[in-house]
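Let's take a walk through this fold together. Have the sequence and the 3D view to hand as you read.

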Amino acid sequence: MDQEIRLQDVIQTRKPHPCGSDTWVVIRTGADIKMKCQGCGRIVMLDRMVFLKRRKKVLQQGIAPAAPGEEQSTDE
Ligand SMILES: [Zn+2]
């Protein structure tokens with residue numbers, strides 16, 4: 001199973017949020033994952049393991065991680 005987590009992944013959870021939506025956008029990756037509900041905008045932070053357990057599928061893949069050795073400019 002693909003365990004990759006990318007920023008801005010749109011994912012579907014096994015159980016829907018109480019608001020009725022079951023799709024989320026990943027807004028932070030790392031040891032803890034932050035994701036935002038597409039239905040109500042609620043942001044939750046989950047342990048990476050917990051996130052992977054709750055994730056049912058990736059609906060849309062987010063930003064690809066920068067290739068090693070390749071400089072990428074950030075426009076922030
Ligand atoms: Zn919600």
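The report below goes from the overall layout to the sheet, the core and two individual residues.

## Overall layout

Please keep in mind that this is a predicted model. The chain holds one helix and five strands, and from the N terminus on these elements follow the order β-β-β-β-α-β.

Of the 76 residues in the chain, 13% are buried. Looking at contacts between residues at least 6 apart in sequence, 36% join residues that are at least 24 apart.

## The sheet

The five strands make an open sheet in the order 4-3-2-1-5, and the pairing is antiparallel. Strand 4 and strand 5 (55–60) are the edge strands, each of them pairing on one side only. From one strand to the next, the twist averages 40°. As general background, strands of a sheet pair through backbone hydrogen bonds, either parallel or antiparallel.

At one end of that order, strand 3 and strand 4 run antiparallel and are joined by five bridges. Within this pair, Met-35 stands opposite Val-44 of strand 4. The two strands form a hairpin with five residues between them, and in the turn Gly-41 has a positive phi of about 85°. How many residues of strand 4 (residues 43–47) are buried? The count is zero among its five residues, and the strand is hardly covered.

Strand 1 pairs with strand 5 over four bridges, again in the antiparallel sense. Here Val-10 stands opposite Gln-60 of strand 5.

## The nonpolar core

Seven residues form the largest nonpolar core: Ile-11, Trp-24, Val-26, Ile-33, Met-35, Cys-37 and Phe-51. Two elements give two or more residues to this core, namely strand 2 (23–28) and strand 3 (32–37). Strand 3 provides the largest share, with three residues. In general, side chains in a regular strand alternate between the two faces of the sheet.

Phe-51 is a good core member to follow in the viewer. Setting aside residues up to four places away in sequence, Phe-51 touches Ile-5, Ile-33 and Leu-46. Of these partners, Ile-33 is itself listed in the core.

## Leu-59, in an edge strand

Leu-59 sits in strand 5, one of the two edge strands of the sheet. Is Leu-59 partly exposed or buried? Leu-59 counts as partly exposed because it has 14 C-beta neighbours inside 10 Å, whereas a buried residue needs 20 or more.

Leaving out neighbours within four places in sequence, Leu-59 is in contact with Val-10, Ile-11, Gln-12 and Thr-23. The C-alpha atoms of Leu-59 and Ile-11 are separated by 5.3 Å, although the two residues are 48 apart along the chain. Ile-11 is also one of the core residues.

## Gln-8, ahead of the first strand

Gln-8 belongs to the segment before strand 1 (10–13). Why does Gln-8 count as exposed? Gln-8 is exposed because 12 other C-beta atoms lie within 10 Å, and the exposed class takes in residues with 12 or fewer.

Gln-8 nevertheless has partners elsewhere in the sequence: not counting residues up to four places away, it touches Val-25, Val-26, Gly-62 and Ile-63. Val-26 is among the members of the nonpolar core. Further along the chain, Ala-64 lies 56 residues from Gln-8, and their C-alpha atoms are separated by 9.7 Å.

Terms used
Residues numbered from 1 in each chain as written. Predicted model: local features only at pLDDT ≥ 70, side-chain atom pairs only at ≥ 80, totals over all residues. Core = buried A, V, L, I, M, F, W, Y, C linked by C-beta atoms within 7 Å. Contact = placed C-beta atoms within 7 Å. Pairing = 2+ DSSP bridges. Axes fitted to C-alpha atoms, helices over the stretch in contact; angles between N-to-C directions.
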